[in-house]
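User: I would like to learn how to read a few features of a model, beginning with the way helices pack. Could you take me through them one at a time?

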Amino acid sequence: MRPSPGRHRLSREFVAQHQRARIIAALGEESGVKGYRAVTVADIVRRAGIARNTFYENFSSKEACYLTAAEYALEELLDRVITAAERVGSWPARVNAGLAAFLGFVAAEPALARICIVEALAAGPSAADRYERSIQAFVPLLRLGRKVSPHGEALPHTLEETIVGGIFWIVYQRFALQQVGEIESLRGELVEFALTPYVGAEAARRVATTPPCRADRG
Amino acid sequence: MPIEQGEGYPPELSRLPPGRHGLPREFVAHNQRERLIAGIAEAIAENGYSGTTIAHITSHAAVSRRTFYEHFSSKDECFVAAYDTVMAELRERVGRAFREQSEWPHAVRAGIAAMLAFLVAEPNLARLCMVEALVAGPVVVERYDSAIQSFVPYFQDGREGRSPEVLARLSPTTEEALVGGMMSLISRRIIAGRTAELESLLPDLVEFTLTPYLGSDEAAAVAREA
């Protein structure tokens, strides 16, 4: 579709979308500086470079902004993980590719990752519900591993959510230690951590030492 | 592992009945602080961290607002004191249970059992240290992070005496991920209002944490021991 002649200004909808994205990113960045609880709407407005009115045209409160941001961040994260995992065949290779995409997202979009992984527990009861959903969202991908595991359903019921919780904790810690830039170097370790209960340590290590892009082709 | 009621509790976690007791001033002052610590745990259990006011705390502690400010300058400061007290007690119980066992896999099992038993016996304190600490802002979050990390060495002990093949495949973050996974599961159960069922997680948590060291079969065997 071609823009009608003479119309150079961006559509209202595009601007609005863009503003929301900026507000969401600003919330994540400000939370990184002072922690979610201490962030004010004024902080968000300043960082996003928008008018206070514009904030309130988009969100009724900081909490409402957080919930939208968390929803958006989780959708983005899941989308990348699933897309990456679907490109490869076997379940262990999918975990490898999915975790690579997961960490790639954290490195590329630290403000969004902070919102859904770090601040979720700090932002109060409705946010805790989002955190729960974030964890649960990854459970089915791991649960498929029971089909290839000799232990199958004998594995602990809570295994998948505990693995996801452990991975979230590592990411959380790297944010706390301000080492998010190097987070992608943890892929191998986290792949081993996730796969070991299902396929044993040796097989897990073999997958972990395979670059996920190589697995793409094979 | 059942906790003997009242025994071995630090004074902060038990309460002096309100009213005049004709006790020396210093003792009363100390005890007021303890009552405030117990008071904030109860107030937070009822209202959550953000919803808790100084009035809630003083009402649960049965002390005056002035007394509160003699001990703490803010809700945050009172919370930090409560958090430190609870974590010191939790760490002490886990450490003791762990040291009582001579074999490492059973020591891990005993340590986890002691942690779960404490949290079940003290649901208000469980909520305070595992859930509300994350809501309470940067000062407490730092304490929370280091408190969680303080459980890492118990697992690192499991590296001792393992074969070179096992050691080669344990990565530097193994213990951190195990502790994080365990704590995340416990916190989420508390958030879901399922604190009373925490002890049923023991076999799962034991198997999960021992598997990287012992392999699935042996870890499952320790987990299933009665």
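User: How are H5(A) and H6(A) oriented to each other?

Analyst: This is a predicted model, in which local features need pLDDT of at least 70, side-chain atom pairs count only at pLDDT 80 or more, and totals for chains, interfaces and linings use all residues. Residues are numbered from 1 along each chain as its sequence is written, chains are lettered from A in the order in which they are written, and side-chain values use heavy atoms, without hydrogens and water. Two packed helices are described by the angle between their axes and the distance between the axes. Here helix H5 (residues 91–108) and helix H6 (residues 110–118), both of chain A, pack at about 115° with axes 5 Å apart; helices are DSSP runs of H or I, at least four residues, numbered from the N terminus, and axes are lines fitted to C-alpha atoms over the stretch in contact, with angles from 0 to 180 degrees between N-to-C directions. H5(A) and H6(A) are therefore roughly perpendicular, a term for angles of 65 to 115 degrees.

User: Which residues in H5(A) and H6(A) meet?

Analyst: From H5(A) come Phe102(A), Phe105(A), Val106(A), Ala107(A) and Ala108(A), which meet Pro110(A), Leu112(A), Ala113(A) and Ile117(A) in H6(A), where contact means heavy atoms within 4.5 Å.

User: How far should I trust chain A, and where is the pLDDT below 50?

Analyst: Where pLDDT, the predictor's confidence in each residue from 0 to 100, is low, the predicted coordinates should not be read in detail. Chain A averages 87, and 89% of the residues score at least 70. Over residues 1–6 of chain A the pLDDT is below 50, and this stretch has zero contacts beyond near neighbours in sequence. Residues 214–218 of chain A are also below 50, with five such contacts.

Technical notes:
Helices (H or I, at least four residues) and strands (E, at least two) are DSSP runs, numbered from the N terminus. Angles under 35 degrees count as roughly parallel, over 145 as roughly antiparallel, 65 to 115 as roughly perpendicular and the rest as oblique.
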